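Reader: I am in my first year and still learning how to read a model of this kind. Could you take one helix and look at it closely, after a short introduction to the chain that holds it?

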Amino acid sequence: MDERFAAAWGLLPVYLSQHVLLSLTALFLGFAISLPLAVAAGRSAAVRWPSLFAASLIQTIPSLALLALFYPLLLALSALSVAWFGRGFAALGFLPSVMALTLYSMLPILRNGVAGILGVDPAAVEAARGMGMTDVQRLMRVELPLAAPVVMAGARTAAVWTIGAATLSTPVGQTSLGNYIFSGLQTENWVYVLFGCAAAAVLALSADQLLGLIESGLARRSRWRVWTGALGIVVGAVAALSPLVAAPSGASYVVGAKNFSEQYILAELIASRIKAGGARVTRKEDLGSATAYRALAAGEIDVYVDYSGTLWTNVMQEKNNPGRWEVLSGLKKGLMRRDGVLVLGPLGFENAYALAMRADRAKALAVSSVADLAAHAGSLTLGSDLEFLSRPEWAALQRAYELNFRKETAYQPTFMYRALEDGEVDVISAFSSDGRISANHLLVLADPRGALPPYDAVILISPRRARDRRLIAALAPLLGAIPVQAMRAANLSVDRDRNKLTPAAAAAMLARLAKPAPAE
Amino acid sequence: MIELRCVSKFFGGRRAVGPLDLTVGKGEFVALLGGSGCGKTTTLKMINGLVAPDAGHVLIEGVASGAEPPYRLRRRIGYVFQEIGLFPHMSVAENIAVGPGLAGWDKPRIAARIVELLDLVALPPDVAARMPSALSGGQRQRVGVARALAAGPALMLMDEPFGALDPVTRDALGRDYRALHERLELTTVMVTHDVMEALLLADRIVVLEAGRILADGPPAALLAHHPHPTVRALMETPRRQARSVEALAAGDAHG
């Protein structure tokens, strides 16, 4: 408990500074766009209704989806930019997050801005006109000062929304306080989840209080309040952002990870190898499966671990299963030719998609393979992780065994295991390297027809780093060095309920369990 | 000073004012008198360009409005209206300073002017630092007049300036303003629906009905038997009321 809290505390400067930078930029942009728009909307009904409608519409898009949608959009724009100007930009991380959050912050500022300007006493407006103020003078000296408290109330709402929604930028590769929540959820590290929620809440409440001070200062025409609030925001922002300035700049390796425990542990292991070689490392974690590969091909991350079967079916679009070594050598050639991505080699274990059942239940039904399962499927429920049901592997399984479950439900992997344990589902899409298979007494069903391809964990290196000798030398000792038992033990140490290890501690354990690299 | 030549204004296809011709000479105090919807406020606002006429010409000191941006014209014309429209986020001094500021005066001159104007509208100097919300209705309207006079206009436009005040304050403020009109040699056009106010303050009364001029003359001339029955009825009202009040007072004295 204490150790996890200390680990969370240690990550705070980095997560908080990124979170504040992201929220502040989005709010600033949101304000800079919404306020002039609100003024225009206050003047003309032809601007008012479309802009308010658009802002409300954006608000109805779930914030996570809004963030996710910017990634493919920016990726396409970046490709266009490469074609036209010879330069692309990062489609992952800060840019999509800041764009989505900017859009998200606009509605309250816009709505309150319009209400504030339309709510200015018509007599004051007429006096301003009657005295000979120009339109701009009237706006700056009468309408905006009188609307300011209402506008600030909108900015306050926007700040709270944006700081909250910024936690969702973690899956598109932007570090934020959401990193605690997402990684905590995956590894069932509730200390992390609570810590992330509390940190985001404290940040949002502080911003709310300081903006509230400015708002009441504007309403009561108290300079003291306005300046105290503004000063508080500046001091807070500078303090939160200081780790960004203190961090040394320069080239570093970006290690990616998808969104489950094994990926966090392997990312820590790779990071520690690179650091041991004297280089610096930054992280992009919690990436979606397809996002991770595209980010690597685009050079936004330099190295991560993927699985041969996933690449074979999803990236290479292959439908057959020629066997383990053919898949590996096919990938090595195919990915290099297609994207310039280097398949450094397999780590030595497989993390295969497999269907698993509780051992007692399998015994009762006399099921030991997917073929046996097919006869009972009509009365059983399948629990899967969030992506399995839309993956080609699932389609291949269904085709090969004519599987038709009574019901299929998708879960976060953590909750999927819980659902199986509680009997809510009968069969799950498990991962063969998952420590919970033996810990929870699960039976992995055989795949006699070979519908599922092999899933060797392989290290992938981005095109940009494909000839980087230092990187390759640092990672080569990991190849073939991690047996599946070691990986399962490491995964379990993170996933179990008691005595949990952090991914970093599990990576250290895995490094000790790893076989010494074969002498060359 | 002011010349309206055959001006008309339409609202939603309906003619609100005009065709109307009106000339106001320098130093005159003219009351535009009429019931609600007769077009008196619209006529007033066409003088300083708050309402643009759909037909006809407006000339101020011989210059056609439209020859310059309307805000420039308005800076030379004082404007007071019933709602006053003091800026609630500015102190009394800051409200008065707006006009001179727009005219580009320097700070010492503006500061001196604020003191001078508060004295002129008979307000104590300590009012300067107060916010409009801390003033009484009469004080607010005095500040409204001071603000309109601040940049030293020769022409004042007033739209029911004292309409929202209690009768005593209203009478006092009206007489004070009339004195200012004399002292500062202003030209004033005042809109009112109050016949008594028009009779007691103005040199000349223009009676409007449905956007047209019904009668135009000095109060005494209108009080004398006027050919138009509406004007006659209008002028008869205050007299009848005065007689009734006299009779009441006499009855009270004898009773």
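Author: Helices (H or I, at least four residues) and strands (E, at least two) are DSSP runs, numbered from the N terminus. Counted in this way, the secondary structure of chain A comes to 21 helices and 10 strands. This is a predicted model, in which local features need pLDDT of at least 70 and side-chain atom pairs count only at pLDDT 80 or more, while totals for chains, interfaces and linings use all residues. Residues are numbered from 1 along each chain as its sequence is written, and chains are lettered from A and ligands numbered from 1 in the order in which they are written.

Along its principal axes, the C-alpha trace of chain A spans about 90 × 55 × 50 Å. A residue is called buried if 20 or more other C-beta atoms, placed from the backbone, lie within 10 Å of its own, exposed if 12 or fewer do, and partly exposed in between; by that rule 49% of the 520 residues of chain A are buried. Two residues are in contact if their C-beta atoms, again placed from the backbone, lie within 7 Å, and of the contacts in chain A with a separation of 6 or more, 78% join residues 24 or more positions apart.

Chain A is divided into domain 1 (2-246), domain 2 (253-351 + 454-513) and domain 3 (353-444), with bounds that come from an automatic or database domain assignment.

The helix to look at closely is α17 of chain A, residues 413-421, in which A:Pro413, A:Met416, A:Tyr417 and A:Leu420 are buried. Seen down the axis of α17(A), these buried residues fall within an arc of 95°, taken from the directions from the helix axis to the C-beta atoms, so they line one face of the helix. The general background is that an α-helix has 3.6 residues a turn, so residues three or four places apart point the same way. What covers the buried residues of α17(A) includes the strands β5 (353-358), β6 (381-384) and β8 (427-431) of chain A, together with the helix α18 (436-439) of chain A. Just after α17(A), A:Gly423 takes a positive phi of about 80°.

Elsewhere in the chain, the centres of domain 1 of chain A and domain 2 of chain A, taken over C-alpha atoms, are separated by 36 Å. Their contact takes 18 residues from domain 1 of chain A and 20 residues from domain 2 of chain A.
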